[in-house]
Amino acid sequence: MTYYGHQQPQQNQQFLWGIFQRVDKDHSGAISAQELQEALKNGSWTPFNPETVRLMIGMFDRDRNGTISFQEFGALWKYVQDWQTTFKSYDRDNSGAIDKNELKAALTSFGYRLSDKFYDLLVRKFDRSGRGVIAFDDFIQCCVVIQTLTSSFQAYDTNRNGWIQIGYEQFLTLVFSLRA
C-alpha cells in the first residue's frame with residue numbers, strides 16, 4: 001500500500017474507497033485478515049506477517065466483528081502509512097530491513113533505553129527471515145508489542161521508577177490481558 005501525495009478530503013475519500021474496493025476481493029464490504037495480508041507487502045514481495053495483520057485488525061476493528069469496514073479502513077491506512085514513513089527513516093542503508101543498530105536508533109528516539117543484549121533478543125524474536133534483520137511488518141509488530149508491554153508495566157509502576165512488585169497471579173493477569 002502506497003500513498004500518492006496530498007489530496008483534498010473528498011479526493012482522499014475517493015482514493016481510499018478505490019483502495020478499499022481493491023483490497024476487498026470478495027466484495028463483502030469488509031476487509032478480512034486474509035484480504036489485508038494479501039494486500040500488504042514488505043517491499044520484498046514476501047507475505048505480511050499474519051500476527052502483525054491480526055494486531056492491526058484488532059486495533060482498528062471498532063465493532064469487534066473481525067473485519068475492517070470502510071469507516072475503519074481510513075485509520076488503518078494512515079497507521080500503515082505512518083509506520084512506513086518511520087521504517088524508511090530508520091532503514092538508513094535502504095536495505096528494506098532494520099538491523100540491530102537501526103532498531104536501537106528507532107527505539108531510542110521513541111524514548112526507550114535498553115541494553116545491547118536486549119536488542120539482540122528483539123532481533124532474534126522478530127526476525128522471521130533468519131538474516132539478523134527485521135522486515136517492515138515485523139518492525140510494526142515489535143514496536144506495538146513493546147509499546148503494549150510498556151503501557152501494561154506502567155500501570156503497575158505507580159512510583160514511576162522503572163520497578164514493579166507484583167504477585168504471580170497479578171503477573172499472569174497482566175500477561176493474559178495484553179492485546180499484543
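Which residues are linked in a network of salt bridges? I looked this up before anything else and found R128, D137 and D138.

**Entry 1. Basis of the model**

I note that this is a predicted model, in which local features need pLDDT of at least 70, side-chain atom pairs count only at pLDDT 80 or more, and totals for chains, interfaces and linings use all residues. Residues are numbered from 1 along each chain as its sequence is written, and side-chain values use heavy atoms, with hydrogens and water left out.

**Entry 2. Fold and burial**

I recorded 8 helices and 2 strands as the secondary structure of the chain. Helices (H or I, at least four residues) and strands (E, at least two) are DSSP runs, numbered from the N terminus. Along the sequence I read the pattern α-β-α-α-β-α-α-α-α-α.

The chain has 180 residues, and 39% of them are buried. For this term I used under 20% relative accessible area as buried, over 50% as exposed, and partly exposed in between (1.4 Å probe, protein chains only).

I then looked up S69, which lies in strand β2. S69 counts as buried because its relative accessible area is 17%. Its C-alpha is 6.6 Å from that of G29, although S69 and G29 are 40 residues apart in sequence.

**Entry 3. Salt bridges**

I applied the rule that a salt bridge is a side-chain nitrogen of Lys or Arg within 4 Å of a carboxyl oxygen of Asp or Glu. Side chains of opposite charge can pair when their charged atoms come close. The count by this rule is 6 salt bridges.

I returned to the network of R128, D137 and D138. The N to O distance is 2.7 Å in the salt bridge between D137 and R128, and 2.9 Å in the one between R128 and D138. The R128 and D138 pair links distant parts of the chain, with R128 in the loop between α6 and α7, D138 in helix α7, and their positions 10 residues apart.

I also checked whether each member is buried or exposed. D137 is buried, since its relative accessibility is 0%, and D138 is buried as well, with a relative accessible area of 3%. R128 is partly exposed, at 46% relative accessibility.

A further salt bridge joins the side chains of D116 and K104, at 2.8 Å from N to O. D116 lies in helix α6 and K104 in helix α5 (residues 100-109), so this pair ties together parts that are 12 residues apart in sequence. I noted D116 as partly exposed because its relative accessible area is 40%. K104 is also partly exposed, at 30% relative accessibility.

**Entry 4. The largest pocket**

How much space lies in the largest pocket? I recorded about 530 Å³. Its lining has 21 residues, and those closest to the pocket centre are F118, V145, I146, L149 and L178.

The search ran on a 1 Å grid over the protein atoms alone: a pocket is an open set of points where a 1.4 Å probe fits, with protein on both sides within 12 Å along at least five of seven lines, and lining residues have an atom within 4 Å of a point. Grid points are joined across faces, edges and corners, and the volume is the space filled by probe spheres set on the points.

I listed the elements that give two or more residues to this lining as α3 (50-60), α6 (116-126), α7 (136-156) and α8. Helix α7 gives the most, with 7 residues.

By class I found 16 nonpolar, 3 polar and 2 charged residues in the lining. Here Ala, Val, Leu, Ile, Met, Phe, Trp, Tyr, Cys and Pro count as nonpolar, Asp, Glu, Lys and Arg as charged, and the others, Gly among them, as polar.

**Entry 5. Positive phi**

Most residues other than glycine have a negative phi. I therefore noted R64, a residue other than glycine whose phi is positive, near 55 degrees. R64 lies in the loop between α3 and β2 (68-69), and is partly exposed at 49% relative accessibility.

R160 likewise has a positive phi, of about 55 degrees, and is not a glycine. Its place is in the loop between α7 and α8. R160 counts as exposed because its relative accessibility is 58%.
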